[in-house]
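Student: I would like a close look at one part of this model, followed by how that part sits among its neighbours. Please keep it plain.

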Amino acid sequence: MKNIIYLCILSLTFISYGQENTSLDYYFSQQDISTLDKDIPTPESVIGHSVGKWHISHDKLVEYMRKLASTSERITIEERGKTFEDRPLILLTITSKKNHQNINQIQKNHIDQTNGIITPKTDSPLVVYQGFSIHGNEPSGSNSALLLAYYLAASNDDFVNKLLNNTIILLDPCFNPDGLQRFAYWANTNKNINLNPDSNDREYSEVWPGGRTNHYWFDMNRDWLPVQLPESKVRINTFHKWLPNILTDHHEMGTNSTFFFQPGVPSRTHPLTSKLNQDITRKISKYHVKALDKIGSLYYSEENFDDFYYGKGSTFPDINGGVGILFEQASSRGHVQKSDNGILTFPFTIKNQLTAGLSTLDAALNMRNEILNYQYNFYKKSREEGGKQKKSAIIFGDEKDAAKTYHLAEILKRHKIKFHHIKNNFSKDKINYKKNYSYVVPKNQKNFKLINAMFEKKNNVSR
Ligand SMILES: [Zn+2]
């Protein structure tokens, strides 16, 4: 009898996991829902299930974003290229209708500020680049992008209206389409009718090679600086086209953790990243604290994760006049898993990512002038420091390997770094530099800080 009661309780528990709430009122407050424009399609009306019930496949994600762009005057969509598996690399530009009508001029003005041609005005928009799930098997990011895009398109809340008037949001819903698709297939195929939170279940042991990487198993979160992969090429192109003030990079970590946001461990910050950059990151983090407290989620900061290698998404912006922010959500991996902190459901992980996405935008709106001025001064200093260098240029080349030289030059080109061929052959420190095999990179240019980070071997630069 005891056993029967135990079994009944156990099966009831599993049934309740199966009935996890994934409706809009799980993700948004009643007040938020009351402001939503009914003419904007919900994710469920297009993808055929509520967000978090199943793992979104990339094709459905794209279908929804295209539908949103076709129904909302706040959103435009562009297809910037394709992955190795021919999946489109889409980008949403989200802002007010009025800003959209003037988007080319806004983009030009923003870049002119970084060139010191004009100063930021009190009404200059801030540019925020929000990117998700560069590791495809860290899916809460891309799944939350459905809700974030929907909310920004449909809400008539005062905050959203003010936000869209004052910011340009570049929403990159999936940094890694091939990896996300591979992982979604695994998690959905192995989902149980009655969800099973036992971490030994097949659902939580994804088959090798997993969805972390792209088609050729490259970890794209090491490629922001080398820019070798198709996904990275379009991403970096978008980055340099807009030079975003804030860039967010939404990841997942171990199941037994909670939620992390930067700053990372202070001693593990790259020495060329300024204290001011970290102070602004810390100030932005107060908005995450407030928002996560409101929904009762656990979190931490500054105790883990580095901000050192500029080839990572959350660090790359820090040497390019922006503020990069890493988010790490404890992973449910599949649909629900037991953890040290209790039962961790997939919808809960999505809700945290959505909350951090919105708190970033809240910070962007409230700290707009401070962050615009930070970027203006960053490039002003970069140009000034570059112009003062005793060694005024860097030369590179290999007289026996033109291809190697060419490919390094290609990387510089992708980062808008100016350089030119040497005019005549010459030797320095017993190295021969041959015409057509060597390039000169003058330090007196806007991207001096980035050049310094790429070529400088020492890291004893004071902060
Ligand atoms: Zn990751």
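Student: What should the 13 residues of helix α10 span at 1.5 Å a residue, and how far apart are its end C-alpha atoms?

Tutor: The model is predicted, and every value below is computed from it. Helix α10 runs over residues 177-189. The expected span is 1.5 Å times one less than the number of residues, so the 13 residues of α10 should cover 18 Å. Its end C-alpha atoms are 18 Å apart, which agrees.

Next, its surroundings. Helix α10 is mostly covered, with 10 of its 13 residues buried. Counting as buried takes 20 or more other C-beta atoms within 10 Å of a residue's own. The buried residues of α10 are Pro 177, Asp 178, Gly 179, Leu 180, Gln 181, Arg 182, Phe 183, Ala 184, Trp 186 and Ala 187. They pack against three elements: α5 (58-71), β2 (88-94) and α8 (140-154).

One of these partners, α8, leads on to the nonpolar core. The largest such core has 99 residues, and those with the most contacts inside it are Met 65, Leu 146 and Ala 149. Helix α8 gives the most to this core, with 10 residues. The core also draws at least three residues from each of domain 1 (2-381) and domain 2 (391-455). In soluble globular proteins, nonpolar side chains tend to be buried together. Leaving aside residues up to four places away in sequence, Leu 146 touches Pro 43, Val 51, Ile 56, Leu 61 and Tyr 64.

Another partner, β2, belongs to an open sheet of seven strands, ordered β1-β2-β4-β3-β5-β7-β6 with mixed pairing. Its edge strands are β1 (75-82) and β6 (259-261), each of which pairs on one side only. Direction ignored, neighbouring strands of this sheet are turned by 20 degrees against each other on average. Within the sheet, β3 (residues 126-132) and β5 (residues 246-253) run parallel and are joined by five bridges; Val 128 stands opposite Ile 246 in β5. Helix α13 (residues 346-366) lies across β3, β4 (167-172), β5, β6 and β7 (323-330), and runs at about 160 degrees to β7.

There is also an open sheet of three strands, in the order β10-β14-β11, with antiparallel pairing. Strands β10 (393-397) and β11 (420-421) are its edges. Helix α15 (residues 402-414) packs on this sheet, touching β10 and β14, and its direction makes about 25 degrees with that of β14.

Technical notes
Residues numbered from 1 in each chain as written. Predicted model: local features only at pLDDT ≥ 70, side-chain atom pairs only at ≥ 80, totals over all residues. Helix = DSSP H or I, 4+ residues; strand = E, 2+ residues; numbered from the N terminus. Buried ≥ 20, exposed ≤ 12 C-beta atoms within 10 Å, placed from the backbone. Contact = placed C-beta atoms within 7 Å. Pairing = 2+ DSSP bridges. Axes fitted to C-alpha atoms, helices over the stretch in contact; angles between N-to-C directions. Core = buried A, V, L, I, M, F, W, Y, C linked by C-beta atoms within 7 Å. Domains from an automatic or database assignment.
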